[in-house]
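Q: Hey, can you walk me through how the chains in this one meet? Here it is.
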Amino acid sequence: MKVQIENVSFSYDQQPTLKNIDLTVEPGTLLALVGPNGSGKSTLLNLISGLLKPSQGHIYLDAVPLEQFKPQQLSQKLAALEQEHPVSFDFTVQEVIQWGRIPHRSRFSPWTDHDEHIARNVMQTTKTMSLAQRSIRDLSGGERQRAFIAMALAQEPQLLLLDEPTAHLDLKHQFEILELARQLTQQGMTLIMAIHDLHLAAQYADQMAILNEGELVQHGPPTSVLTEETIKAVWNISSKIVHKNGAFYIFPRHLQP
Amino acid sequence: MNTTQQPVKAYIKKNIGLKKISSKWVLGILAILLLLATWISIALGAVTIPLDHTLAILFQTFGWDVSEVKNSHNLIVQNIRLPRVLTAILAGWILAISGMVMQGLFQNALASPYVLGIASGASAGAAAVIVLGMQSSLGGFALSLGAFAGGTLVVLIVYRLARFRKGQHFSYTLILSGVALGALFSAVTTFLIFLSGEQMREIIFWIMGNLGRSNWSYLPWFAPVTLICTVILGFYMRDLNALSLGESGAQHLGINPKSMHRVLLALVTLMTSLAVSVAGTIGFIGLITPHAMRLLVGPDHRILLPASALAGAIFLLASDTLARTIFTPVELPVGVLTAFTGAPFFIFLLMMRREGGLG
């Protein structure tokens, strides 16, 4: 799914949090949204998911204005996971994954073989089969994240929005999530992900958008947008960037005075 | 997060294996228990009627003569016990499912049907009717009307107040408004009690909740309204499950949490106000029953709804039968009994509490 963001601004209580964002995401790309805390990453994701309405500008999904989608239609095409997923009761992983089918079923329709087929598929993709009967609240951070991604995938989305899916995860689990993200985009899904780890973002993302104080500072392939100058300007840190054997390392030195 | 931090809960899961009982069995057993409780409750009282006679009278009521029974027994069952037992079943049913829906809506297992101030509003309404002496001119109907009006009024105000604040956290604002309005109306009730003088006992008796005013007059519409509301609630239970992801989480699945709030709150307010208007503000049933059922059948609201309805009916029916038989001929307010059994159970559940609520 192609996402076009045209001249979008958003203000919260008269306070502008996003200013004139122009951004196009091609189908099948993994876009990393990076930027300091409070730079507007989550707000941008909430605007794309339709949770918030832009105070100016438009967002198009495959050239259709976002506001033309009914909530159910939208949830059949777009899945979004926020940073925190509080679950109030002891639902099992299986039950949570089944909620992902809600957009495709009416209140009265029974659980079909097709629904079951999809639930099993996403459990395989996310390696959550063995967790099916566990309570969602008894899982470790990595397992939990995989279970929620499974729920989002059960929606059969063409666009997946993830807000810091690797936060609080150890190194191995961070890689697991990003490998999964890459695998999904290779199958044609468009994925937009807010993330803090610049190395992981550079390694896995096709495109990177850098936000600072509500403005889009840079957009392009990670290695070309992440420069010593940009890091200094956006994060206020002086650094040394080394390219070696195709890999890319950022060595932060110190805060700018 | 892991189970070693909740030894009691882990113990229950492992050794008693409550969750492994199939939910169909639980519903079946609850239905049978309710029938048994109904039968026994009709037999017991100041005059004890033999169980086989009770059954004969019940058959007779539905037009099937099986054997001769004493006319006095027949009258007691038809005019006094049957309406009272039915009222207990309906009120218990309503309070339990209303509590369950509130807990689901507010994603907080400590919510009760009274969380938006229905009880305080209804008490104030009933107290006003008693103090103004309208009861003598209009009879028990005035009391019910006052309670119903008070209860629904409070929820309407709370709902309006919560809508003033825009943006997220709608349910949070609702709860806080409910607490504030509840306190305000409790103050009104206290003030009315202060003014009341000799009627004080009557007001307090009403607030504690009792089924002594049960009769046939309201049952022909009370029962169908309860059933219809329950069926409509049933259609929303799947979405109520997904609301456990939070309001925005549910929105990502195409659910409109605000419209769900509106529909479910309207149904719960209607039902609870009806229950309170005939039975007073009976506590703990709406809080405890959904909890206990969640331990038995798990958190799925589609199963929790019928399970809570049946269990709530049994709980109130058993409590009421005890309340009118232990100190015969004096009747204990049933609210006292539900609190006596409910509060210790609640403490037990608190011991099993984990972060983010009970469950």
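A: Sure, one term to start: a salt bridge is a side-chain nitrogen of Lys or Arg within 4 Å of a carboxyl oxygen of Asp or Glu. This is a predicted model, where local features need pLDDT of at least 70, side-chain atom pairs count only at pLDDT 80 or more, and totals for chains, interfaces and linings use all residues. Residues are numbered from 1 along each chain as its sequence is written, chains are lettered from A and ligands numbered from 1 in the order in which they are written, and side-chain values use heavy atoms, leaving out hydrogens and water.

Q: Ok, how many salt bridges cross the interface of chain B and chain A?
A: Just one by that rule. Arg107(A) pairs with Asp239(B), their closest N and O atoms being 2.8 Å apart.

Q: And how many residues does each chain bring to the contact?
A: Chain B brings 36 and chain A brings 30, where contact means heavy atoms within 4.5 Å.

Q: New topic: what about Arg84(B) and Asp320(B), buried or exposed?
A: Both are buried, meaning under 20% relative accessible area (exposed is over 50%, partly exposed in between; 1.4 Å probe, protein chains only). They form a salt bridge too, with closest N and O atoms 2.9 Å apart.

Q: What about Asp300(B) and Arg302(B), what do their side chains do?
A: They meet in a salt bridge, 2.9 Å from N to O. Asp300(B) is buried at 8% relative accessible area, while Arg302(B) is partly exposed at 43%.

Q: How many salt bridges over all chains?
A: The structure holds 16.
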